[in-house]
Amino acid sequence: MSAQPGLWPQVRDTCTSLGLMLSIVLFVGLGRVIARQQLHRPLAHAFALEFLATFQLCCCTHELQLLGAQDSAHPTWTLTLIYFFSLVHGLTLVGTSGNPCGVMMQMMLGGMSPEMGAVRLSSQLVSALCSRYCVSALWNLGLTKYHFSERNLACKNPIDSDLPQAIITEVVCSFIFHSALLQFQEVRTKLRIHLLAALITFLAYAGGSLTGAIFNPALALSLHFMCFDEAFPQFFIVYWLAPSIGILLMILMFSFFLPWLHNNNTKKE
């Protein structure tokens, strides 16, 4: 019984963090409804929805990282939260990517005009920075004992490997995730969301100890903005260039190499 008084504050803080994340999801959901009703111009509508999607993804990931850091001895709990909130994002952010790599993929495959792509990309980057400072303001309220703005403003370098290994990790994670996005398009929506959530959780487990397995330039900017300021070349290569290379390799494989291989095999037969 003596452990219970010491355990209660931790449980309370965890519930507060989870409540904060769910409140952000509800706030963004309300914003999406208003945007759909009030914004009828395609570019303005796309900018608003992409801004809200990136904002939700970044804010929740900030809080997830905080929870994971407080309970690092139990990674299963952190992975469970990643899976759950990946499901939440998949269910609530339909029609948006929250990831510049996803926009680049659609543009390269001809599914999005350059003008629309530029609007979505700019929206994601602006939202990434806004989410960072919003999280700082929320943490400054001291809702839990782990919340203080200095934690968010400091550079927390997540790269725990040499540069080539970090680059390969982000390239492979981006390649696998966006390949799955492309191949799961014909799968029923409910099943697809679960498959993608499971894949994100697996990638976070496999690459999280090396780079954080972010494979999202906007999310990396929000999480590690100060690190970009202190070591820009390294972070640009690992978190912006490497995921983009993963996208390019994925498109080359599915659009050129595999069709070429199929045609060659057909001719031989």
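This report walks through the nonpolar cores, one helix residue and the cysteines of a predicted model.

Let us start inside the protein. The largest nonpolar core is made of 15 residues. Those with the most contacts inside this core are Ile159, Ile214, Phe228, Phe235 and Tyr239. Three elements each supply two or more residues to this core: α9 (217-223), α10 (225-230) and α11 (232-268). Of these, α9 gives the most, with five residues.

Ile159 is a good place to look around. Setting aside neighbours within four places in sequence, Ile159 is in contact with Ala166, Leu210, Gln234, Phe235, Val238 and Tyr239. Another core, of twelve residues, lies apart from the largest one; Phe55, Leu66, Leu93 and Trp139 are among its members.

Next comes helix α1, which spans residues 4-38 and holds Arg12. Arg12 has a relative accessible area of 42%, so this residue counts as partly exposed. Although 132 residues separate Arg12 from Thr144 in sequence, their C-alpha atoms are 8.3 Å apart in space.

Finally, how many disulfides are there? The count is zero. A disulfide needs two cysteine sulfur atoms within 2.5 Å, and the table shows how two cysteines compare with that cut-off.

| Cysteine | Closest cysteine sulfur | Sulfur distance | Relative accessibility |
|---|---|---|---|
| Cys58 | in Cys59 | 7.0 Å | 0% (buried) |
| Cys59 | in Cys134 | 4.9 Å | 2% (buried) |

The sulfur of Cys58 is too far from that of Cys59 for a bond, because 7.0 Å lies between them. The sulfur of Cys59 is likewise too far from that of Cys134, at 4.9 Å.

Technical notes
Residues are numbered from 1 along each chain as its sequence is written. This is a predicted model: local features need pLDDT of at least 70, side-chain atom pairs count only at pLDDT 80 or more; totals for chains, interfaces and linings use all residues. Side-chain values use heavy atoms; hydrogens and water are left out. A nonpolar core is a set of buried Ala, Val, Leu, Ile, Met, Phe, Trp, Tyr and Cys residues joined through side-chain atoms within 4.5 Å. Buried means under 20% relative accessible area, exposed over 50%, partly exposed in between (1.4 Å probe, protein chains only). Helices (H or I, at least four residues) and strands (E, at least two) are DSSP runs, numbered from the N terminus. Contact means heavy atoms within 4.5 Å.
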